[in-house]
Amino acid sequence: MLRKFLDDRLPLQLLWLILGLFAGLVYALEMVGLEASQTLLSPERARSLHISQMLYGFFPLLLSLLPFALFEKEGVLSERALAHLGRYFVVWNLFLLFMSMAILFGNIRGLPFYDFPYELNFLLAFSGLFYLLALLDALRRYEKRPVWVNVSLFAVIAAPIALVVLMNPQYGQVEKSLIGPHGDNTLGMSFTLIPIYYLLIKLVARKEFRPRWHWLWIVPLGGYIVSLVIRNFVHPLSYNEEWFFQYLTLLYLPLLWVWLRDAGVTFAANPYLILSIAAFVFVDVQGNILFIPELRELIHRNDLVVGHAHIAMGLGVAFMALSIAHHLLPELFRRVHAIVWTALMAAMAGVLSVAGLIEAGLVDGTVEPMLIARSAAGAALLAMVIALAYERLALRLNTPLRLYHAIGFVGDAGGGIVLLIGGGVLFELLGFRFTGTFEYVVFAFMIGTGLAHWAGLHGEAERFADFTAQVRAVCASVFAALYMTGTLDALALLVAVYDGAFALLYWLFLRSRA
């Protein structure tokens, strides 16, 4: 059941991943001279969209399937739970749309990680209600709840509350940790990964798995609670205090090794999980080394520091999510993708490390070639994800009407997205007037028409063709009227001709064949 659930929703989720990677590529190219400040993907917006999609898009949605994959393994997953889970996906995807548009139009908070408007956190919290309903439906089917189920239930109840409180601009923990090394927050973020690793290991375990050595996660958890009390109620943490809390993360390394050994999890069983844990180990050790003040002053004083976050998020967290995708759809998320992805992220982190050392004055050289190499690795990763999405879609354009819908989708949805992002520049190049107001509404309408063509590719092709043709005819008449009264320039005539011709193509030549 869960396999089909993911497969049905995968195209949209891959779209968010592609969007995030594309924004990251644009930002990387802007660092080597691309001028995009006149588009919606100016450097600060491109960076914000990239990071926000990585943190809130494809990967967390995949990770949220983890408890339900275990429920299915234990025989307690129902269609009713999947229906609630589907509603959770709907609301979360709506959040991603609102978040992306808010960032593109410049509504950003200037934070390093949580850069979208704070109010959108309430939409995330609302999605959590449906997730809770899905979880409760599965829980009722247990005669005796396992410990991991109770932990998951507590996390789902606490997460929306923590989200709204910690992200608050006035009193949230995020705002208080923007300055300084924030080692205690690193400890907290690392701890949140440990229960997820436990559930992933349990999911792919080749033999009965009973976790041991609990003190190795209890001690860091206690340290994080103490750090929150000190930071919020006593005094700002000193560098040495943050250093101490940061080093507690090293206790997670033997814990993960023991869990993997006890569960019999190997690279062959799930390469994404093994590579994720390897990335976690690398980042943990590297991060603690970089916490040494003398090294931090040399390397971390510039904007292009070692590729620490790229390994942590791009491999560690990303592969946690992809290990679930591999478990459910192994024929699509194959081992070769894991290896290529790892090589590209390692190359990206490597060249960023060299760039950081050059900027710090420790190595002679120029930064630009390193940034170009980073962009090339990002472009290759984006191409691989696009190829994977194309493989999943496998659309057959075996009738004239299906080809008509495909052209309509690419022309309107694809063209609308291009115009939404860079319409100001394109209008100027073509000599059209651009006010930056109503044009965006038109671009959004174009995307909507394209999505209607997308629906026609997947069913009821004639009905959706009729619908889009009628919409195009109305739009063509309005734009033609606005052009003839002199209200709009020649662009209105171009739109009228395009939409009118597209509608006539269907009515005159394709409708009789449908």
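Asp-412 is buried in this predicted model, at a relative accessible area of 3%. Its partner is Arg-472, and the two form a salt bridge in which the closest N and O atoms lie 2.6 Å apart. Arg-472 belongs to helix H20 (residues 461–484) and Asp-412 to helix H18 (residues 400–430), so this pair ties together parts that are 60 residues apart in sequence. Arg-472 is also buried, with a relative accessibility of 1%.

Helix H20 takes part in a further link of this kind. Asp-466 forms a salt bridge with Arg-511, and here the closest N and O atoms are 3.5 Å apart. Asp-466 lies in helix H20, whereas Arg-511 sits in the segment after helix H21 (490–510), so the pair ties together parts that are 45 residues apart in sequence. Asp-466 is buried, with a relative accessible area of 14%, while Arg-511 counts as partly exposed at 40%. Salt bridges that share partners also occur, joining Asp-137, Arg-140 and Arg-141 into one network. Within this network, the side chains of Arg-140 and Asp-137 meet at 3.1 Å, N to O. The two ends of that bridge have contrasting surroundings: Arg-140 counts as exposed at 57% relative accessibility, but Asp-137 counts as buried at 2%. Over the whole structure, a search finds 13 salt bridges.

Stepping back to the overall fold, the chain has 21 helices and zero strands. Of its 514 residues, buried ones make up 51%. Among contacts between residues at least 6 apart in sequence, 79% join residues at least 24 apart. The area that the chain exposes is about 24,100 Å², and carbon and sulfur atoms supply 69% of it.

The interior can be followed through its nonpolar cores. The largest nonpolar core has 134 residues, and Leu-85 and Trp-341 are those with the most contacts inside it. When neighbours within four places in sequence are left aside, Leu-85 is in contact with Leu-2, Phe-5, Leu-65, Phe-68, Tyr-131 and Ala-134. Another core, of eight residues, lies apart from the largest one, and its members include Tyr-404, Ala-465, Phe-502 and Tyr-506.

Helix H17 (residues 368–393) offers a check on helix geometry. At 1.5 Å a residue, its 26 residues should span 38 Å, and the end C-alpha atoms are 37 Å apart, which agrees. The buried residues of H17 are Leu-371, Arg-374, Ser-375, Ala-377, Gly-378, Leu-381, Leu-382, Met-384, Val-385, Leu-388, Ala-389 and Arg-392. An α-helix has 3.6 residues a turn, so residues three or four places apart point the same way. Just after H17, Ala-394 takes a positive phi of about 45°.

The same helix also contributes to the surface. Ile-372 joins Leu-29, Met-31, Val-32 and Leu-34 in making a nonpolar surface patch of about 380 Å². Within this patch, Met-31 is found in the loop between helix H1 (2–30) and helix H2 (43–56). Met-31 is partly exposed, with a relative accessible area of 32%; because residues enter a patch only with over 30% relative accessible area, this value is enough to meet that cut-off.

Conventions. Residues numbered from 1 in each chain as written. Predicted model: local features only at pLDDT ≥ 70, side-chain atom pairs only at ≥ 80, totals over all residues. Heavy atoms only, no water. Patch = residues over 30% accessible without salt bridge, like charges linked within 9 Å, V, L, I, M, F, W, Y side chains within 5 Å. Areas by Shrake-Rupley, 256 points an atom, 1.4 Å probe, with all protein chains shown as cover. Salt bridge = Lys/Arg side-chain N within 4 Å of Asp/Glu carboxyl O. Helix = DSSP H or I, 4+ residues; strand = E, 2+ residues; numbered from the N terminus. Buried < 20%, exposed > 50% of the residue type's maximum accessible area, 1.4 Å probe, protein only. Expected span 1.5 Å × (residues − 1). Contact = heavy atoms within 4.5 Å. Core = buried A, V, L, I, M, F, W, Y, C linked by side-chain atoms within 4.5 Å.
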